[in-house]
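This report is meant for a reader meeting the structure for the first time. It goes from the helices and sheets of one chain to the overall form of the other, and then to the relation between the two.

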Number of protein chains: 2
Amino acid sequence: MDESWAIPGLDLHVEIDRERKASSLEHALRSAVRAGRLAPGTRLPASRTLSSDLGIARNSVADVYAQLTAEGWLEARVGAGTWVSGSAVAHGAVRPAAPGAPSAALDLRGGIPDASGFPRRAWAAAARRAVLGAATSDLGYAPELGSQALRATLADYLVRARGVVATTDRVMVAHRFGELLGLACRALAAGGARSIAVEEVGHEAHREIIRASGLTHMALPVDRDGADTERLDDRVDAVLLTAAHQFPTGVPLAPARRVAAVQWAERSGGLVIEDDYDGEFRYDRRAIGALQALAPEHVLYIGTASKSLAPAVGLAWAVVPERLVAPIAAERRVAGTAADVLNQHTLHAFIGSHEFDRNVRRLRAEYRSRRLTLESRVADELPGCRVSGLAAGLHCLVELPAGTSEARVTEEAARLGLRFHGLESFRTGGTEWRHPPAMVVGYGAPPPHRFAEAIDLAVRAIRRAADSSPATTAALR
Amino acid sequence: MDESWAIPGLDLHVEIDRERKASSLEHALRSAVRAGRLAPGTRLPASRTLSSDLGIARNSVADVYAQLTAEGWLEARVGAGTWVSGSAVAHGAVRPAAPGAPSAALDLRGGIPDASGFPRRAWAAAARRAVLGAATSDLGYAPELGSQALRATLADYLVRARGVVATTDRVMVAHRFGELLGLACRALAAGGARSIAVEEVGHEAHREIIRASGLTHMALPVDRDGADTERLDDRVDAVLLTAAHQFPTGVPLAPARRVAAVQWAERSGGLVIEDDYDGEFRYDRRAIGALQALAPEHVLYIGTASKSLAPAVGLAWAVVPERLVAPIAAERRVAGTAADVLNQHTLHAFIGSHEFDRNVRRLRAEYRSRRLTLESRVADELPGCRVSGLAAGLHCLVELPAGTSEARVTEEAARLGLRFHGLESFRTGGTEWRHPPAMVVGYGAPPPHRFAEAIDLAVRAIRRAADSSPATTAALR
């Protein structure tokens, strides 16, 4: 799958794996610097140039530069571009990390939870209780919809914590949100569905899963009231909504829009897929209950342990309308992916000993404090900017003065060793773009002791990008 | 999805879930007896009748009768059929289990491992080491092909235990054999493949996964030398082989057939998918190494922890030819099913502390002893029968005298409360059927203390079926 590419402006060919372009570019550039094939002082092409040449997203190129800058292979000079570091060592030598140098790029991308405080001992204790207490029948192949014990515990938890209407027989356990989204889409496609509405900004990975299932997606505009569900009509068979906290704009779906989504589903027979990825994490007041409760037979609710616990747990769950239980189970049978029972029993024991709730409270406090830090830094140091999005979850927006280029901020951040993406990079296209420029700030990715440092870099990147635009410089000073 | 069905010959309608016919039939019959809607002494239709009426496999109906007989709701009278138990209680009463009555049907189906001796404490210790030792980066989303540490450990293990040619970068971790088979088939289909050869007897679940991927399957005859790989030609793009120990006939693929499979792949560019589900379990002599070693770029090797440890572990692995690493990873990305890292780290710790090898040795001794028990019982009590299949793995065949009906044995076994299937029930069709009648004996499903009892029932079922056929009675006496 490797293809040889010439890096524009350099006498360098790199092997790029078509399926993993960004990581192979990073690897190739690091190797070239380490081996001396790129001499210190060599100027690298602008990320825009490399992006269009190699067909890699501009954000991804910026991330590669950020990583290599953080590692010390590259350095950036304000307004002048990115260069091979002056101190990069000669042929064949492995570069020693500079004292105190960060070992990896800092990261403010959205959607990445902070796993550093994962309750390791409590999880180990739950794993122990699960395996020592397992009956022999629990050690065999998993029941079709998941462990009965975990399904009952989740039904209970979701009723209590998210206001979901759930009984054990409607709960299905899988590994990831994406797996459940894919199964649902394939079940819909098998039943004749053709199209699903998605929010105009969201995860490209989810849209990729939808397309692979054979459905097409249409974009629904998102404004300060969330996705415009009043535009839903018979052209789509389903809609994917982040109702509690839109990703990445951070707004909740307004009450009238919630009702409109449900009424559309009832009227058309369509399905609402509710991605409740961080519904537990409202910290200004009590969380809004799940949309699912308004119409349990028309809403497929999906939650995950990835945000509220850690991605490494590898468990997610759905509460499924009755008509879809058998079709989704059938899709899973042919996907061959029934979940691991021991891991499910561990989560069951973990929730049962109240450790899950405890962890959610801990994370909520952590994210709340990060949010407050961000707000005060922006108010003090970026007067033309404002933080928007609900006081909830693990991300928000920093809106930039009109005229600021999000891509420029991303590039300046990369030069400082920070991964930092603009709102527009989450756009699916197909709608008129009316959002002011904004950066998405994920609170979760940096470890606690480096969050302040990440915000420092973000502030500097925004200032540098604004400095290059006379229109915005005034706003920021 | 429920449909109402009339049970032939009875004044009873049952709700049958189209997707789970057998389990809903079992539930409906149990409820009807419990509620008194089927009076004691009522004769149930022959499983053959019910099978064709409801469109359920005859084996599945026999399994339902076996389960309900074991639970005491039904009883069987030799040669006369199956009846609602005379002692079944009246309206509304919950039937108490008879003293000493088995709580569930015994099971000799193939493909089910014995998990009763699962090393619970060692697994709990490995889970603890894994989670306490995890770096924060290990708690995030899984790397694309699985945990680097587990992949390295598996590469090492597979080289050592199965003679596989493996390096870390070719190892991919997933949850189940079926998941990896599905990903491989979808990657092949995306690359233009259309057809895959399968052994004429095998798991229907695997064939279902193949069909769902968009490939068609063609049957390859199986004889005492395994699958006839010399018949492979350009009409197929891949072949699925249980080379070490054919499932369910139990024969190894003969050396010339191994070479033929590899030569076909090299000549045609086709892919061999090696299902090495129980390759560790040869107990007469050292295991034959994996076929994959003959041509690592033409064979996709798949192994699983389900047989060598327990299905509840939920981990499986593949060693992938280079050209397929990226396509299979891409299929997994859109399936959204990257595996749970903590569970992978647990297996890594478990293998690293030699517990995996220890468990394989323990199971090998257990299966070996069960095999010897079976052989001596058959030699002593079923003189017209013989045990065939390699002294390996967790199943073999009991070949029946010519003219014995496998389906009759299955039905007689069901009346005794035993699940017991014939060779032909694993058949895919499309080949001329030349096998003598035989029952598949899985050693793994009954717990150790009930294996002898299961064999008792099997012997009785075979004798009863033979008694009903004058041609075979002589052979058995």
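Helices and strands are here runs assigned by DSSP, a helix having at least four residues and a strand at least two, and they are numbered from the N terminus. The model is predicted, and what follows should be read with that in mind.

In chain B, helix α8, which covers residues 255-268, lies across the strands β11 (238-241) and β12 (271-275), and the direction of this helix is at about 145 degrees to that of β12(B). Both strands belong to an open sheet of 7 strands in chain B, whose order is β6-β14-β13-β12-β11-β7-β8 and whose pairing is mixed. At the edges of this sheet stand β6 (171-174) and β8 (216-220) of chain B, each of which pairs on one side only. With direction ignored, neighbouring strands of the sheet are turned against each other by 20 degrees on average. Helix α5 (residues 148-162) of chain B also packs on this sheet, where it touches β6, β13 (299-304) and β14 (316-319) of chain B, and its direction makes about 110 degrees with that of β6(B).

At one end of the strand order, β7 of chain B, made of residues 195-199, pairs with β8(B) in the parallel sense over 5 bridges. Within this pair, Ser195(B) has Thr216(B) in β8(B) as its bridge partner. In general, the strands of a sheet pair through backbone hydrogen bonds, and they may do so in a parallel or an antiparallel way.

The antiparallel case is found in chain A, where 4 strands form an open sheet in the order β15-β16-β19-β18. The strands β15 (386-388) and β18 (421-422) of chain A each have a single partner strand, so that one side of each is left without a neighbour in the sheet. Helix α13 (residues 406-415) of chain A packs on this sheet and touches β18 and β19 (438-442) of chain A, its direction making about 45 degrees with that of β19(A). As for the pairing at β15(A), this strand runs antiparallel to β16 (residues 395-399) of chain A and is joined to β16(A) by 3 bridges, with Arg386(A) standing opposite Glu399(A).

How many of the 10 residues of helix α13 of chain B are buried? The number is 8, and the helix, residues 406-415, is therefore largely enclosed by the rest of the structure. Among these buried residues are Glu406(B), Glu411(B), Glu412(B) and Arg415(B), together with Val409(B) and Ala413(B). Just after α13(B), Gly417(B) takes a positive phi of about 85 degrees.

Some backbone angles deserve a separate look, given that most residues other than glycine have a negative phi and that most peptide bonds are trans. The table lists a cis peptide bond and a positive phi at a residue that is not a glycine, for each chain in turn.

| Site | Feature | Place |
|---|---|---|
| Phe247(A) to Pro248(A) | cis peptide bond, omega near 5 degrees | Pro248(A): loop between β11 and α8 of chain A |
| Phe247(B) to Pro248(B) | cis peptide bond, omega about 5 degrees | Pro248(B): loop between β11 and α8 of chain B |
| His354(A) | positive phi of about 65 degrees | loop between α11 and α12 of chain A |
| His354(B) | positive phi of about 65 degrees | loop between α11 and α12 of chain B |

Taken as a whole, chain A holds 15 helices and 19 strands. Its C-alpha atoms fill a box of roughly 65 × 50 × 45 Å along the principal axes. The radius of gyration of chain A is 24 Å, which agrees with the value near 23 Å that a compact globule of 477 residues would have. Of the 477 residues in chain A, 60% are buried, and of the contacts in chain A with a separation of 6 or more, 73% are between residues 24 or more positions apart. The accessible surface of chain A is about 17,500 Å², and carbon and sulfur atoms account for 51% of that area.

How are the two chains related? Chain A is superposed on chain B by a rotation of 180 degrees with 0.0 Å of shift along its axis, at an RMSD of 0.0 Å. This is the relation of a two-fold axis. The same surface serves both copies, since 100% of the contact residues of chain A recur in chain B.

Definitions and conventions. Residues are numbered from 1 along each chain as its sequence is written. Chains are lettered from A and ligands numbered from 1 in the order in which they are written. This is a predicted model: local features need pLDDT of at least 70, side-chain atom pairs count only at pLDDT 80 or more; totals for chains, interfaces and linings use all residues. Side-chain values use heavy atoms; hydrogens and water are left out. Two strands pair if DSSP finds at least two bridges between them. Axes are lines fitted to C-alpha atoms, for helices over the stretch in contact, and angles run from 0 to 180 degrees between N-to-C directions. Contact means heavy atoms within 4.5 Å. The radius of gyration is taken over C-alpha atoms; the globule rule is 2.2 Å times the number of residues to the power 0.38. Buried means under 20% relative accessible area, exposed over 50%, partly exposed in between (1.4 Å probe, protein chains only). Accessible areas come from the Shrake-Rupley method with a 1.4 Å probe; for residues, only the protein chains shown count as cover. Copies are superposed by least squares on the C-alpha atoms of residues with pLDDT of at least 70 in both.
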